[in-house]
Amino acid sequence: ISLASQIGDYQFDNLLLNAAGVRCASTDELDKILDSDAGGCVTKSATPEPRKGNESPRMKATSMGCINSMGLPNHGLDYYLKFAETNQGKSGKQVVLSVAGLSIKQNIEMLKKIQESSFAGLTELNLSCPNIAGKSQVGYDFEAVRDVLTSAFSFFKKPLGLKLPPYFDFNQFDGIAEVLNDFPVTYINSINSIGNGLVVDPDTESVVIKPKGGFGGLGGDYVKPTALANVRALRLRLKPEISIIGTGGIKSGKDVFEHVLCGASLVQIGTAFGFDGTPIFERISKELKEIMAEKGYHTLADFRGKLKTID
Ligand SMILES: CC(C)(C)CCc1c(C(=O)O)[nH]c(=O)[nH]c1=O
């Protein structure tokens, strides 16, 4: 039974990756992921310069997942670019370089630097980045997405993936797919956290994180149905050349199986990886293989995208 999968020219011996942002801000953390059963690692989304991020408490775990408003704490693009150039492709592991500028201009600046670098792996552009003041994040402003991709693909010739926020309306699924199908995007990664949730502690009668009055992105059990819906809706709408990475609510082999059924080629694990650490990759690989064996599947292609509907 094989958990291998391919995105563009990149072979992953195992479809499991960490999600950007969780236990992946330092080279020590990234090395640990590469030394685990994961098929590769994803770096914390980088900004051009290092950032401290928001004040703590900025992440809170709950019985159903977690809420965060980290504010992009990271060591800056050069730090991750150096790691990625050094480690990409070593012992068959892929390093995905995640970038999240605080403006469209910063995103273009970082993609230019990556284009000129010796990095030969996958770049993941985080579209949850802020837009011009007063407008929604880029991922929710389809004309802004079109503008970013038009200027990016005018010079960026390396494979580019896009981390998308969750969509909740069929017009949004149609709208983003219409834009993406016009560009040579290597993959899309759905979903990022569900934005601006609010967790309240009734004992203290208070919010649980400090930034943004307690509002933050949700991950974990809270988001799995939305994640599966986005993977499925985009699989049905995007041209086959665009692969899909499924992210959101994965904590077992069963959850991975569901994401692949909906069309995912790879999956990323965030919240649950934050709870369990790198042993999760071995556990989930084993659980998924057991499910595949039970059902008589040998490869992920045997069931990828084959979700049934009720006639
Ligand atoms: C929300 C942004 C700060 C604009 C991007 C970084 C990010 C963060 C973060 O660093 O706060 N948290 C998430 O759950 N997803 C993200 O994409």
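Modeller: A polar contact is a pair of N or O atoms within 3.5 Å. The model is predicted.

Colleague: How far is the oxygen atom of the ligand from the polar backbone atom of G71?

Modeller: G71 is among the residues that surround the ligand. The partner atom in G71 belongs to the backbone, and the pair falls within the 3.5 Å limit for a polar contact. The distance is 2.9 Å.

Colleague: Which residue has a polar side-chain atom 2.8 Å from an oxygen atom of the ligand?

Modeller: The side chain of K44 has an N or O atom 3.1 Å from an oxygen atom of the ligand, so K44 meets the 3.5 Å limit but does not fit the value asked for. The side-chain atom at 2.8 Å belongs to N192.

Colleague: How much of the ligand's accessible area does the protein cover?

Modeller: An oxygen atom of the ligand is 2.8 Å from a polar side-chain atom of N192. On its own, the ligand has 390 Å² of accessible area. Of this, the protein covers 77%.

Colleague: How many residues of the shell around the ligand are polar?

Modeller: The surrounding residues include N68, S69, N126, S128 and S193. Two residues of the shell are nonpolar and one is charged. The polar residues number seven.

Colleague: Where does L72, with its positive phi, lie?

Modeller: L72 is one of the residues around the ligand. Its phi is near 60°, positive although the residue is not glycine. L72 lies in the loop between β6 and α2 (77–87).

Colleague: Which strands stand at the edges of the eight-strand sheet?

Modeller: The sheet is open and parallel, and its order is β3-β16-β15-β10-β9-β8-β7-β4. Each edge strand has a single partner, so one of its sides is left without a neighbour in the sheet. The edge strands are β3 (16–18) and β4 (40–42).

Colleague: By what angle are neighbouring strands of this sheet turned against each other on average?

Modeller: The pairing in this sheet of eight strands is parallel. The average ignores direction, and its value is 25°.

Colleague: Which residue is the bridge partner of L162 in β10?

Modeller: Strand β9 covers residues 160–164 and strand β10 covers residues 187–190. The two pair in the parallel sense over four bridges. In β10, L162 is partnered by I188.

Colleague: At about what angle does α9 run to β3?

Modeller: Helix α9 consists of residues 279–295. It lies across β3 and β16 (266–269). Its angle to β3 is about 155°.

Colleague: What is the average twist in the open sheet of four strands?

Modeller: The order is β5-β6-β14-β11, and the pairing is antiparallel. Strands β5 (59–62) and β11 (194–198) are at the edges, each pairing on one side only. From one strand to the next, the twist averages 40°.

Colleague: Which residue of β6 stands opposite K60?

Modeller: Strands β5 and β6 run antiparallel and are joined by four bridges. They form a hairpin with two residues between them. Opposite K60 in β6 is I67.

Colleague: Which residue of β14 is the bridge partner of C66?

Modeller: Four bridges pair β6 (residues 65–68) with β14 (residues 215–220) in the antiparallel sense. G65 stands opposite G220. The bridge partner of C66 is G219.

Colleague: What is the approximate omega of the cis peptide bond that joins S56 and P57?

Modeller: P57 is in the loop between β4 and β5. The bond from S56 to P57 is cis, with omega about -5°.

Colleague: Where does I191 lie?

Modeller: The peptide bond from S190 to I191 is cis, and its omega is near 10°. I191 is found in the loop between β10 and β11.

Definitions and conventions. Residues numbered from 1 in each chain as written. Predicted model: local features only at pLDDT ≥ 70, side-chain atom pairs only at ≥ 80, totals over all residues. Heavy atoms only, no water. Near = heavy atom within 4 Å. Polar contact = N/O pair within 3.5 Å; in protein donor to acceptor, adjacent residues only side chain to side chain. Areas by Shrake-Rupley, 256 points an atom, 1.4 Å probe, with all protein chains shown as cover. Nonpolar A, V, L, I, M, F, W, Y, C, P; charged D, E, K, R; others polar. Pairing = 2+ DSSP bridges. Axes fitted to C-alpha atoms, helices over the stretch in contact; angles between N-to-C directions. Contact = heavy atoms within 4.5 Å.
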